[in-house]
Amino acid sequence: MSRLWLSGYRSYELNVFGEQDDKLKVIKYALTNYLTTQIEDGVDWLITGGQLGIEQWAAEVGLELKKTYPELKVAMMLPYGEFGGRWNENNQAKLQTLLARVDFHAPVSKQAYENPQQLKNYQDFMVTHTDAATLVYDPDNPGKPSYDYDLIRSYAEGHPYPLTLIDFDWLQESANEYAEKQNNGFNFE
């Protein structure tokens with residue numbers, strides 16, 4: 001069994017504000033290609049969180065890949081109870097729909113948000129219950145994923161725990177490839 005933690009930027013950090021945004025199409029294209037390779041190399045659990053952005057998009061891509069790779073399991077671990085409860089109705093509904101579709105979901109802490117220690121406990125849970133991590137993150141462009149990035153690097157100093165970064169150069173290459181396939185009449189949708 002091989003378990004991959006996938007996380008990264010929030011949607012607002014990438015200026016993606018809708019399902020039809022071309023940036024989102026490229027991100028999902030990059031995630032699909034990357035996860036396909038990982039599944040073919042033995043990853044059978046994709047474990048992500050519920051944040052708006054890379055985490056939810058990764059869950060969506062994982063669920064789509066299950067059609068081709070039914071052995072893949074997708075889990076969403078939430079940092080605390082009532083996660084997303086303060087979001088607008090559309091975002092809450094999107095989270096609930098995803099939670100209903102994944103193979104497993106649970107909060108690491110059953111209590112509603114009380115303090116930052118719950119977020120630290122969540123990070124500790126994720127690194128100790130997965131075999132590797134992938135972050136859609138570019139250290140030259142810090143954001144929310146910097147906390148996960150720092151924790152993973154620190155954890156990897158004492159444990160065999162590979163980290164893959166899908167950075168902006170990788171996303172640009174994916175955008176070029178995506179555009180080329182679009183121009184050649186290949187449509188992903």
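Me: A polar contact is a pair of N or O atoms within 3.5 Å. With that in mind, what does the side chain of Thr130 reach at 2.5 Å?

Reply: The side chain of Thr130 reaches the backbone oxygen of Met126. Please keep in mind that this is a predicted model. The 2.5 Å distance is within the 3.5 Å cut-off, so the pair meets the distance part of the definition.

Me: What makes the pairing of Thr130 with the side chain of Tyr161 a polar contact?

Reply: The side chains of Thr130 and Tyr161 come to 2.6 Å, and the limit is 3.5 Å, so this pair passes on distance. Tyr161 also appears on the contact list of Thr130, together with Arg3, Leu4, Trp5 and Ile47, once neighbours within four places in sequence are left aside.

Me: Where is Thr130 found, and why does Thr130 count as buried or exposed?

Reply: Thr130 sits in the loop between helix H4 (117-128) and strand S5 (132-136). Thr130 counts as buried because its relative accessibility is 5%, and buried means under 20%.

Me: Does the loop between S2 and H2 hold a buried or an exposed residue at Gly50, and why?

Reply: Gly50 lies in that loop and is buried: its relative accessibility is 1%, against a cut-off of under 20%. Beyond its neighbours within four places in sequence, Gly50 is in contact with several residues, including Met76, Met77, Leu78 and Phe83. The C-alpha atoms of Gly50 and Ile39 are separated by 21 Å, with the two residues eleven apart along the chain.

Me: How do you know that S1 and S5 pair?

Reply: Two strands pair if there are at least two bridges between them. S1 and S5 are joined by five bridges in the parallel sense, so they qualify. Trp5, for instance, stands opposite Ala133 in S5.

Me: And what makes S1 and S2 a pair?

Reply: The reasoning carries over: three parallel bridges link S1 and S2, and at least two are needed, so they pair. Trp5 has Ile47 as its bridge partner in S2. S3 (residues 73-78) and S4 run parallel too, joined by four bridges, with Leu78 partnered by Pro107 in S4.

Me: In what order do the six strands of the open sheet come, and which are the edge strands?

Reply: The order is S4-S3-S2-S1-S5-S6, with parallel pairing. The edge strands are S4 (104-107) and S6 (163-166), each of which pairs on one side only. Neighbouring strands are turned by 20° against each other on average, direction ignored.

Me: Why is S1 called mostly covered?

Reply: Five of the six residues in S1 are buried, and buried means each has under 20% relative accessible area. Helix H2 (residues 54-65) lies across S1 (3-8), S2 (45-48), S3 and S5, at about 135° to S1. Helix H5 (residues 145-156) packs on the sheet as well, touching S1, S5 and S6, and its direction makes about 150° with that of S5.

Me: Which elements make right-handed β-α-β units?

Reply: One is made by S1, helix H1 (residues 22-40) and S2. Another is made by S3, helix H3 (residues 89-101) and S4.

Me: Which residues of the largest nonpolar core touch the most other members?

Reply: Of its 54 residues, these are Ile27, Leu31, Leu35, Ile54 and Trp57. Outside its neighbours within four places in sequence, Ile27 is in contact with Leu14, Val16, Ile54, Trp57 and Leu171.

How values were computed. Residues are numbered from 1 along each chain as its sequence is written. This is a predicted model: local features need pLDDT of at least 70, side-chain atom pairs count only at pLDDT 80 or more; totals for chains, interfaces and linings use all residues. Side-chain values use heavy atoms; hydrogens and water are left out. Buried means under 20% relative accessible area, exposed over 50%, partly exposed in between (1.4 Å probe, protein chains only). A polar contact is a pair of N or O atoms within 3.5 Å; within protein, one must be able to donate a hydrogen and the other to accept it, and residues adjacent in sequence count only if both atoms are side-chain atoms. Contact means heavy atoms within 4.5 Å. Axes are lines fitted to C-alpha atoms, for helices over the stretch in contact, and angles run from 0 to 180 degrees between N-to-C directions. A nonpolar core is a set of buried Ala, Val, Leu, Ile, Met, Phe, Trp, Tyr and Cys residues joined through side-chain atoms within 4.5 Å. A crossover is right-handed if, with the strands pointing away from the viewer, the path from the first strand over the helix to the second runs clockwise.
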